[in-house]
Amino acid sequence: MTTRTVRHAHPYNEVRSRQPIGGSRRIRVLMRRRRRWLTSRVHRLRTTRGDAGMTTAEYAVGTVAACGFAALLYKVVTSGAVSGAISELLNRALHAV
């Protein structure tokens, strides 16, 4: 067996040893580095995330509010006064040309 340094894209794949690396020892070293890397990654994601997005309950409230606003807007636009004002505005715009 020979001594070697292996470097790949992820830090958990890096093995630096001056001792002969056997199959089981190499696997243990790689798994230890992978565990350290994953632990630090999970810790980083949990601590830096904060309150970045909406939760499911907030999505539900936002959806209900948007539906209510859409229904109100539909009622206003299809009412007689607003419908008449929109058609009069369109008629004036078309006849002005």
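Start with the nonpolar patch: select helix 2 and helix 3, each of which supplies at least two of its residues. The model on screen is a predicted one. Now narrow the selection to Phe69, Leu72, Leu73, Val76, Val77, Ile86 and Leu90, which together make a nonpolar surface patch of about 650 Å². Colour these residues by helix, and helix 2 turns out to give the most, with five residues.

Next, pick out Phe69 alone. This phenylalanine lies in helix 2. Is Phe69 buried or exposed? Its relative accessible area is 56%, and because the cut-off for exposed is over 50%, phenylalanine 69 counts as exposed.

Keep both helices in view and show them in full, with helix 2 covering residues 56–78 and helix 3 covering residues 80–95. Two packed helices are described by the angle between their axes and the distance between the axes. Here the angle is about 65 degrees, and the axes are 5 Å apart.

To see where the two helices touch, select Val76, Val77 and Thr78 on the helix 2 side, then Gly80, Val82, Ser83 and Ile86 on the helix 3 side. The residues of this contact divide into four nonpolar, three polar and no charged. Val76, Val77 and Ile86 are among the residues of this contact, and they are also among those of the surface patch.

Stay on helix 3 and select Arg92 and Glu88. Both lie in this helix, four residues apart, about one turn of the helix. Side chains of opposite charge can pair when their charged atoms come close. Arginine 92 forms a salt bridge with glutamate 88. Draw a distance between the closest N and O atoms of the pair: they are 3.5 Å apart. How many salt bridges does the count come to? The count comes to one salt bridge.

Show the surface around this pair. Arginine 92 has 54% relative accessibility and counts as exposed. Glutamate 88, at 46%, is partly exposed, because that class runs between the 20% and 50% cut-offs.

Finally, zoom out to the whole protein. Coloured by secondary structure, the protein has three helices and two strands. Followed along the sequence, the pattern is β-β-α-α-α. Of its 97 residues, 8% count as buried. Turn on the full surface: the accessible area comes to about 8400 Å², of which 61% belongs to carbon and sulfur atoms. Among contacts with a separation of 6 or more, residues 24 or more positions apart account for 7%.

Methods: Residues numbered from 1 in each chain as written. Predicted model: local features only at pLDDT ≥ 70, side-chain atom pairs only at ≥ 80, totals over all residues. Heavy atoms only, no water. Axes fitted to C-alpha atoms, helices over the stretch in contact; angles between N-to-C directions. Contact = heavy atoms within 4.5 Å. Nonpolar A, V, L, I, M, F, W, Y, C, P; charged D, E, K, R; others polar. Patch = residues over 30% accessible without salt bridge, like charges linked within 9 Å, V, L, I, M, F, W, Y side chains within 5 Å. Areas by Shrake-Rupley, 256 points an atom, 1.4 Å probe, with all protein chains shown as cover. Salt bridge = Lys/Arg side-chain N within 4 Å of Asp/Glu carboxyl O. Buried < 20%, exposed > 50% of the residue type's maximum accessible area, 1.4 Å probe, protein only.
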